[in-house]
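User: Could you walk me through this structure and show me the reasoning behind the labels? I would like to see how each term is earned.

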Amino acid sequence: MSLEARSRPARKVDAEVARLREDFPALAQKIGGKPLAYLDSAASAQCPRSVLDAIFEQQGMNHANVHRGVHYLAERATAAYEAARDKVAAFVNASSREEIVFTRGTTESINLVAASLGGSLLKAGDEILVSGMEHHSNIVPWQLIAARTGARLVPVPITPAGELDLEAFERALCDKTRIVALTHVSNALGTVNPVRALTEKAQAAGALVVLDGAQAVPHFPVDVRDIGCDFYAFSGHKMFAGTGIGALYGRAALLDRMPPYQGGGEMILTVAFDSSTYNVLPYKFEAGTPNVTGAVALGAAIDYLSRLDREAVAAYENGLLAYATDRLLAVPALRIIGTARAKVGVASFVIDGIHAHDLGTIVNDESVAIRTGHHCAMPVMDFFGVAATARASLALYNNEEDVDRLILGLERARKLFK
Amino acid sequence: MSDLKELYREVILDHNRSPRNFGEIENADRVVNGVNPLCGDKMTLYLKLDGDRIGDARFEGTGCAISIASSSLMTERVKGSTIEESLDLFNDVRAMLTGARDPDDRMEKLAVLAGVREFPSRVKCASLAWHALKSALTSDKSEISTE
């Protein structure tokens, strides 16, 4: 994942990865007569045909409510849903399927942990460590539970390069630290954090570790047991599976002790007006009819990624990031925000004298899609002293032409604002 | 896509480069802080009233070209107008920005803001200054947001 591997991938690998683009129907479209250059996958990624087909088949032919029906379609739907859970468990190398809870996405996953674990564990004076590069979804849930329990949120600063200040992290860990909530990969900066080492240090201090993996899983394999974290959250739509689905990995022993998050059907064993009993894992945390189609889509996206040579894809993405970085740095008055040594394909930048919003609108006229604004990371914007950045993000289906078109769009913006 | 030329017309670019009435008013009669949380546009509007007229209007802020130009054009236009005229103008501008109405001659220079109609995500950038104006004149709140 290092920018330092600047050598271009072998031509053969390039061509193979380039062919992957054809798997994604959305990318073939033209907007205003110009082919789409989609550089916003960090916001949401496009789906390959195999995922779209799986959605169509599940919703079209295998649809029924799950878990309790005795009819044939219900059994098919349940099998499809639970097969998807097995795929997720294998995808992150969980110890068992009981450790995978389907949610709406990373945000809901973190809220679940904050409310249920945080709510039962935290007392006044306890500390929750977060980093200065967190997405709002890994800040606000902790603020909410801190307010309820009297615990304190302790942010750990980042460096001007956009890396976690490791010394400050170690200094912040103390006997009051109960929970450490960190992002594996920063959506605003692209920074890849050394989560294995950070988890080790945090757990040595007696804290539980919750990782936001939304921006990691699309780019490289994640092994939660190797990392050693207690919880790992991610979203389907960032990894080519479509919206409305995500997952939470949690250690079985912890999930077992945690109280339910949402109540309702599916998460109970028995219900009576004086008291109810709760279902076993992971169902205790899945109230109501789940997003069955979404889970199946997530499973299909996992299948898609598993069929790829992920190392080759990562090398391709790194090469493309290096290319994009070089081209961006050649644009006058452009400054890249987020220059960590270890990054995924995210390039956040500002241009002197042109607001990010205007950049985004102008490159959009060239059919180039980037994201502009605070990227749900206002503390990051404040740290770098900018109101907003423009962000181009790369996925396995992007190519040099996409980057070239972005640069052309930026040139057009510069001419307009001269 | 020539819509972009409609959005970034020369008047807009000019007012962004050299915003009119930029700065604060000491002892202002009305001060309103406006923010566009989606993109980080921020502005503070200062008004000095002269009876029922706006004697002076100035603004400070950071933001995209559309928001800066809109603030500049707005302050330029309302100076000397009565409160009632300005509130009417607010309604007319809002209708124009959202495409509910076409710009007419009364809009004069403000008609350049109409380009934003083809760019729904940018309407709030243009309307921030006008919401701040309305708030300042009706004394609702001193902090407003386009949400």
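Analyst: Happy to. In helix α12(A), the buried residues are Ala356(A), His357(A), Asp358(A), Leu359(A), Gly360(A), Thr361(A), Ile362(A) and Val363(A). Please keep in mind that this is a predicted model.

User: What makes α12(A) "mostly covered"?

Analyst: The word buried needs a relative accessible area under 20%. Eight of the nine residues in α12(A) are buried, so the helix is called mostly covered.

User: Which elements of chain A give two or more residues to the side that touches chain B?

Analyst: Let me start with the contact itself: 19 residues of chain A are in contact with 20 residues of chain B. In chain A, the residues that lose the most area to chain B are His357(A), Thr361(A) and Asp365(A), together 33% of what that side buries. About 1,500 Å² is buried between the two chains, and carbon and sulfur atoms give 59% of this area. Seven residue pairs are in polar contact across the interface of chain A and chain B. As for your question, the elements are α12 (356-364) and α14 (400-416) of chain A. Of the elements, α12(A) gives the most, with five residues. By class, the side of chain A that touches chain B has seven nonpolar, eight polar and four charged residues.

User: How do you know that Arg122(B) forms a salt bridge with Asp358(A)?

Analyst: The closest N and O atoms of Arg122(B) and Asp358(A) are 2.9 Å apart. The cut-off is 4 Å between a side-chain nitrogen of Lys or Arg and a carboxyl oxygen of Asp or Glu, so the pair qualifies. The count between chain A and chain B is one salt bridge.

User: How many salt bridges does a search of the whole structure find?

Analyst: The search finds 31 over all chains. One of them joins Asp40(A) and Arg371(A), with the closest N and O atoms 3.0 Å apart. This pair links distant parts of the chain: Asp40(A) is in the loop between β3 (37-38) and α2 (49-61), Arg371(A) is in strand β16 (residues 371-373), and the two are 331 residues apart.

User: Why is Asp40(A) called buried, and why is Arg371(A) called partly exposed?

Analyst: Asp40(A) has a relative accessible area of 5%, under the 20% limit, so Asp40(A) counts as buried. Arg371(A) has 39%, which lies between 20% and 50%, so Arg371(A) counts as partly exposed.

User: What makes Glu163(A) and Arg341(A) a pair that ties together parts of the chain?

Analyst: Their salt bridge has its closest N and O atoms 2.9 Å apart. Glu163(A) lies in the loop between β6 (152-156) and α6 (166-172), and Arg341(A) in the loop between β13 (334-337) and β14 (346-351), so the pair ties together parts that are 178 residues apart in sequence. The partners also carry opposite labels: Glu163(A), at 16%, is under 20% and therefore buried, whereas Arg341(A), at 56%, is over 50% and therefore exposed.

User: Where do Asp92(B) and Arg106(B) lie?

Analyst: The two form a salt bridge, the closest N and O atoms being 2.9 Å apart. Asp92(B) is in helix α4 (residues 83-97) of chain B, and Arg106(B) is in the loop between α4 and α5 (123-138), 14 residues apart. At 12%, Asp92(B) falls under 20% and so counts as buried. Arg106(B), at 48%, stays below the 50% needed for exposed and so counts as partly exposed. Elsewhere, salt bridges that share partners join Glu82(A), Arg85(A), Asp86(A), Arg97(A) and Glu286(A) into one network.

User: Why is Cys125(B) in no disulfide?

Analyst: The nearest cysteine sulfur, that of Cys64(B), is 3.7 Å away. A disulfide needs the two sulfur atoms within 2.5 Å, so this pair does not count. The search of the whole structure finds zero disulfides over all chains. Cys125(B) has a relative accessible area of 0%, so Cys125(B) is buried.

User: How do you know that Phe102(A) is buried?

Analyst: Phe102(A), found in strand β4 (residues 100-103) of chain A, has 7% relative accessibility, under 20%, so Phe102(A) counts as buried. Among the residues Phe102(A) touches are Tyr81(A), Val88(A), Ile245(A) and Leu298(A).

Methods: Residues are numbered from 1 along each chain as its sequence is written. Chains are lettered from A and ligands numbered from 1 in the order in which they are written. This is a predicted model: local features need pLDDT of at least 70, side-chain atom pairs count only at pLDDT 80 or more; totals for chains, interfaces and linings use all residues. Side-chain values use heavy atoms; hydrogens and water are left out. Contact means heavy atoms within 4.5 Å. Buried area is the accessible area (1.4 Å probe) that two parts lose on being put together, summed over both. A polar contact is a pair of N or O atoms within 3.5 Å; within protein, one must be able to donate a hydrogen and the other to accept it, and residues adjacent in sequence count only if both atoms are side-chain atoms. Helices (H or I, at least four residues) and strands (E, at least two) are DSSP runs, numbered from the N terminus. Ala, Val, Leu, Ile, Met, Phe, Trp, Tyr, Cys and Pro count as nonpolar, Asp, Glu, Lys and Arg as charged, and the others, Gly among them, as polar. Buried means under 20% relative accessible area, exposed over 50%, partly exposed in between (1.4 Å probe, protein chains only). Lists of a residue's contacts leave out its neighbours within four places in sequence.
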